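Student: I am new to this structure. Please take me through the reasons behind a few of its labels.

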Amino acid sequence: MAKEMIAMLLAGGQGSRLYALTEKLAKPAVPFGGKYRIIDFPLSNCVNSGIDTVGILTQYQPLVLNEYIGNGQPWDLDRLYGGVHVLPPYQKASGSDWYKGTANAIYQNISFIERYSPQYVIILSGDQICKQDYSDFLKFHKEKNAEFSVAVMEVPWEEASRFGLMVADDDDKITEFQEKPKNPKSNLASMGIYIFNWDILKKYLEEDEADPNSENDFGNNIIPNLLKDGRRMYAYHFDGYWKDVGTISSLWEANMEILDPEHSGINLFDEDWKIYSRNSGMTGHKISTGAVVDNSMITDGCRVKGTVKHSILFAGVKVGEGAIVEDAVVMGGTVIKAGAVVKHCIVAENVTIGENAVVGAMPTESENGVATIGEGVSIGDNAKVGPKAMVNKNVEGGEEVW
Amino acid sequence: MVNSNTSALGIIFPNSYDSLVPDLVNVRLMASIPFASRYRLIDFILSSMSHCDIDNISVMVNNNYHSLMDHLGSGREWDLVRKNGGLHIFPPFVEKGANPYVGRVGALANILGFLRSQKEKYAVITDSNIVVNFDFNAMIKAHVESGADITVAYNEQELPNILMEKKDNGLGYYYTFSIENGRITKIHVNAKDTGIQNFSMNMFVIERELLIDLINTASVRGQIYFERDVLLPQLNKLNVQAYKYDGYVARICDMKSYFEENMKLLDDHNLDALFSGGQIYTKIRDDNPTRYIEGAKVQNVMVADGCIIEGEVEDSILFRGVKVAKGAKVKNCILMQDSVIEAGANVEYLIMDKNVTITAGKEMKGTNTFPVYIGKHQTV
C-alpha cells in the first residue's frame, strides 16, 4: 500500500548557537513554551495535516530525543503501518558514514522511504516553531504540477540578506535561488520546508551522492541542481507564525511571544490545531498565599510562593518565598530558592538557584543579554550571574560570573 | 513470572457508595468524580496498583459508567495495555428477567469463570471512593507473612457525621473493626460510635482460589454483601487480619467531604503526603499551560493546565480548561473542567461541575458548611 506523502524531519542539528542548552541534547529536543519541546511543533503539524508516517533523522546527542519520541503515541503516531521512526546513521555492508549533510541524511534512508512508495516527500526542519497545515502546501504543489516546492515567508527587505532567498515570477515559479546574498533580488525567505515528487528527489539525491565535490546539502547543492536543470519549482507563500529558534535570543523571544498571542500570532489555545507533547503527569500547579503571578504561563507541578512576572515556568518549577522571576524562561524541575532574583534569562532543566542569588538582569542601554544557565547546574546562595553569561558549570555561593 | 509468589490481580468496584453523593453521580459514578484539579477518583487506585505491578485489573461497573469508560479508554495512561492481563471492564451481565446485582457477591459471581482462568495467586479488591497513594505490595507482604486467609486495610479515624446520620440503605454499609493482635474479632456494621475507630477502607487481599470458593458458596446461598454476609459470620473460621494504613487518606462521603478533601490539598503538607509516592496517572488532554493574563490576582490556588485567568481567584481548585474573565472574583470554589466565569461575576463556595458558565456580572454564593453544587452544562 502506498502512502501519498510521508515526512522526513531533519533533527540532527547540534544547535551549537544554543551552546549551554544543547550540550546534552539535540536542538529539536530543547524545551519550549512551558510543556513542549521544539520537535512537538513539526510532529503535531504532521498529524494535524494527515501525515501519519514520519522519519526523524538524528545524529547529535540522540538519547533524550529517542526517549522522548518513544513509540510516537503522544502525537498519535503509533501506527501499524507507518508512524514515527527515529533514523540514526547506521552501518552498512559497504561501510558506514555519519550523515554528511542534510541531503546525505535523506540519501542514506532511501530504503526507509521506499517501504512506503510515497508520491511525495515533505522535508521538515526540527528547529523551527511554526504552526502550518502541510496538506494545504501539498494542495498547492499538486495544483502547480510542481516537481519541487518550497515554503517561503516574506521577510523585511533590510533583513533579506540573512536568508536563503527564492526569486519567483507572478505564477510563483522559482527562477533563481540566492543563498544569503549581499544584494537580494527577493524578500521571499526559504523556511527550509520542501515538498518533492519522490522520483525527482531520489534521482537528485543519487546524482548528488555521486558528486565528490558536493556538500550534500539541500540549500547548497540539491536546489541549485534542480534550478540548473529547469525543473518545475514553485514557492508556496506562508503567512502564519514561523520562527527559527536557533539562537538563545530568538528562543527567548519566541517563548515571550507565547505570552502575547494577540500580537505574535502563536496561539497555543487553538482547539483545532493542538500541539501534542509527552506530558509530565504532575499534579496541578499551586500558587500560594502571598505569591504574585502576572502575565505568565504556568504548568503542572509548579509551586509558586514568590513573584512571577511575564515569564514561562515549565513542569515542576519551584519559586521560593520572596524570589522574583521576570521575563524569564525557566525549564522543568528547576528550583529557585527564597529571595533569588531571576530576570531576562533562560534557565534550563533541573537547575538549582540558591537563596538570594541573582541571575540575569533587565536590559539597559549599556548591557543587554539573555543570561543562560545549562541543565543541572547549581548556582550557590548569594551568587551572581551577569546578563550576558552562559553558565554550564556550578557556581559556588557568593561567586560572580559575567 | 518473576514475582509469581506475590502476583496479584486487582478488582475495583467503581460504583460503591454512589448513593452518598447523588448530585455528583447524576451523570457518572463514584470512580469518575473529578478530584484534585486534574484527576478522577479511580486514578489513585489504578495508579497505585500499576506501580505495584498489579496489571491485570477488573473494573466491576454497575451503572452510569459511560464517563468512566471514556476516562479509562484502553488503560494506556495507567500502563495497563497488556497482552496478558491489562484492564477489563465488566458491565453487569443481566439475564432475562433478572435484576442487576447489588453487592460484591453478585458482581464477583458473574465473573467466576474469568477468575478461575486467571493465573495470579492473590486478588486485591477495592472500592474507589477513597483517595490514597497505596502500596499494595506492602499489604500483600503483610498478608503472606501473617498467614491470613483475608487481610483488610483500615485506618484510624473518627466516623464522618454524615455516615452516622444516614439511615441504613443498601449501598451505604460501612464497617468498623474490633482487632486483637492484628486479627479482626468483630466487624461492626454501620456503627454509631464516636471517637477514633478502626475504620475499614474496604480493601482486601485474598488468595484467588479462596475468593472463588467463598463467592461460589455465598452466591448459591443468595448472599449479597461480602463483608456483612461472608466475612462477618465466619470470623471464627477464617483468619481475617487487619492491615493498618498510616498514609494520607481522603474519603468521599458526601458533598461536604468532597469539598473539604479537595480544599485540604491547598495545604502543601497534605498535597505532598498524597503525592509523595508513585506518580498518579490520569487521562491526557493535551492542554497547553495555564495562562495568567496581566491583571490576574491569584492566592492559594491549585490550577490544572489549559486555564486562562484574568480575574481574581482565591482559595480554590481549578480543573483543566477553566476560564476566569476580567473583573471576575472566585473564592473558595471548585471549578471543574471547562467551566467559565464571565466578566465581573462573583462566586463563592461553589462546586461547579463540568462546562458550567456563570454569565457576566452574576453573583452566587454558598457557605462553608453548605457549598452550592451546580450541575454539568448549566448556565447561570
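Student: What makes helix α8 of chain A mostly covered?
Tutor: Eight of its eleven residues, 248-258, are buried, meaning under 20% relative accessible area (exposed is over 50%, partly exposed in between; 1.4 Å probe, protein chains only). Among them are Ile248(A), Leu251(A), Trp252(A), Asn255(A) and Ile258(A). A helix here is a DSSP run of H or I, at least four residues, numbered from the N terminus. This is a predicted model: local features need pLDDT of at least 70, side-chain atom pairs pLDDT 80 or more, while totals for chains, interfaces and linings use all residues. Residues are numbered from 1 along each chain as written, chains are lettered from A and ligands numbered from 1 in written order, and side-chain values use heavy atoms, without hydrogens and water.

Student: How do you know that Asp43(B) has no salt bridge?
Tutor: A salt bridge needs a side-chain nitrogen of Lys or Arg within 4 Å of a carboxyl oxygen of Asp or Glu. For Asp43(B), the nearest side chain of opposite charge, Arg40(B), is 6.3 Å away. So there is no salt bridge, though Asp43(B) is buried.

Student: Which side chain does Asp43(B) join in a polar contact?
Tutor: That of Thr282(B), at 2.7 Å. The N or O atoms must lie within 3.5 Å, one able to donate a hydrogen and the other to accept it.

Student: Why is Cys345(A) in no disulfide?
Tutor: A disulfide needs two cysteine sulfur atoms within 2.5 Å. The closest cysteine sulfur, in Cys302(A), is 15 Å away, too far for a bond. Cys345(A) is also buried, at 0%.

Student: What is the disulfide count over all chains?
Tutor: Zero. Cys333(B) is in none either: the nearest cysteine sulfur, that of Cys307(B), is 13 Å away.

Technical notes: Lys, Arg positive; Asp, Glu negative; His and termini not counted. Helix = DSSP H or I, 4+ residues; strand = E, 2+ residues; numbered from the N terminus.
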